[in-house]
Amino acid sequence: MSATAPDANDRAKIALVGAGVIGAVHGQVISKLADRVELAAVVDTHPDRAERLAADRGGKVFTSLADALAAVDIDIVVVCTPTGRHGEVAIEALQAGKHVIIEKPAETTVAKTDQIIEAQRKAGTLVAVISQHRFDPSTEIALAAIEKGELGRL
C-alpha cells in the first residue's frame with residue numbers, strides 16, 4: 001500500500017494494538033470508515049479484551065503484534081497501548097514497513113520519541129500522532145496569544 005489513500009477496492013488493513021478504553025474508541029472510528037479501511041487484527045496482551053473488541057468491530061485476535069504481522073496482511077498499525085509502550089510498538093511496526101498512528105503522546109521522553117522518528121526515517125513509511133484538539137477554538141486562541149507574546153516567555 002502506498003502512502004496515498006486507498007481507492008474503494010483497496011481498503012487499508014489495520015492492526016489495532018491495545019483493546020482498552022481508547023482502543024475501543026479507535027475501533028468505533030475504524031468501523032465508521034469501513035468503506036476505506038478494514039480492522040484486520042486486534043492485538044492485546046489480555047486476549048479477552050481483544051476478543052470483545054473484535055466481536056464488536058471485526059478482525060482476528062492476537063496477543064502480540066509480531067504474531068499479527070506474521071498472520072495477516074497489515075498496512076497500518078494503530079497504537080493504543082499504555083503510554084510507556086507506544087515507542088516499542090511503533091518501532092516494531094515501522095521496522096516491519098508499516099504506517100503507524102500513535103495515540104498521544106508519542107512517548108514519555110524526547111529520547112524515546114527520537115527513536116520513533118529514526119525508525120520512521122529508516123522505514124520510509126508514515127507516522128502520525130493523534131492530536132484531536134489541535135483545531136479547537138480554544139487551541140487557536142492560545143496559539144494566537146503565544147504568537148503575539150501575550151503570555152510572556154514560555
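**Nonpolar cores and salt bridges**

When neighbours within four places in sequence are set aside, Leu 65 is in contact (heavy atoms within 4.5 Å) with Ala 15, Val 17, Val 43, Val 77, Val 89, Glu 92 and Ala 93. The structure is a predicted model, in which local features need pLDDT of at least 70 and side-chain atom pairs count only at pLDDT 80 or more, while totals for chains, interfaces and linings use all residues. Residues are numbered from 1 along each chain as its sequence is written, and side-chain values use heavy atoms, with hydrogens and water left out.

Leu 65 also belongs to the largest nonpolar core, a term that denotes a set of buried Ala, Val, Leu, Ile, Met, Phe, Trp, Tyr and Cys residues joined through side-chain atoms within 4.5 Å. Of the 21 residues in this core, those that touch the most other members are Leu 65, Ile 74, Val 77, Val 79 and Val 100. Two or more residues are given to the core by each of S1, S2, helix H3 (65-71), strand S4 (76-79), helix H4 (86-95), strand S5 (99-102) and helix H5 (110-123), where helices (H or I, at least four residues) and strands (E, at least two) are DSSP runs numbered from the N terminus. The most is given by H4, with 5 residues. Another core lies apart from this one and has 14 residues, among them Ala 12, Ala 19, Val 42 and Leu 53.

A search of the whole structure finds 5 salt bridges, each defined as a side-chain nitrogen of Lys or Arg within 4 Å of a carboxyl oxygen of Asp or Glu. One of them is formed by Glu 38 and Arg 11, whose closest N and O atoms are 3.3 Å apart. This pair links distant parts of the chain, since Glu 38 is in strand S2 (residues 37-43) and Arg 11 is in the segment before strand S1 (12-17), 27 residues apart. Glu 38 is partly exposed, with a relative accessible area of 27%, and Arg 11 is likewise partly exposed, at 29%; here buried means under 20% relative accessible area, exposed over 50%, and partly exposed in between (1.4 Å probe, protein chains only).

A salt bridge also joins Arg 85 to Glu 88, with the closest N and O atoms 3.2 Å apart. Arg 85 counts as partly exposed at 32% relative accessibility, as does Glu 88 at 47%. The side chains of Glu 103 and Lys 104 meet in a further salt bridge (3.4 Å, N to O), in which Glu 103 counts as buried because its relative accessibility is 9%, whereas Lys 104 is partly exposed, with a relative accessible area of 37%.
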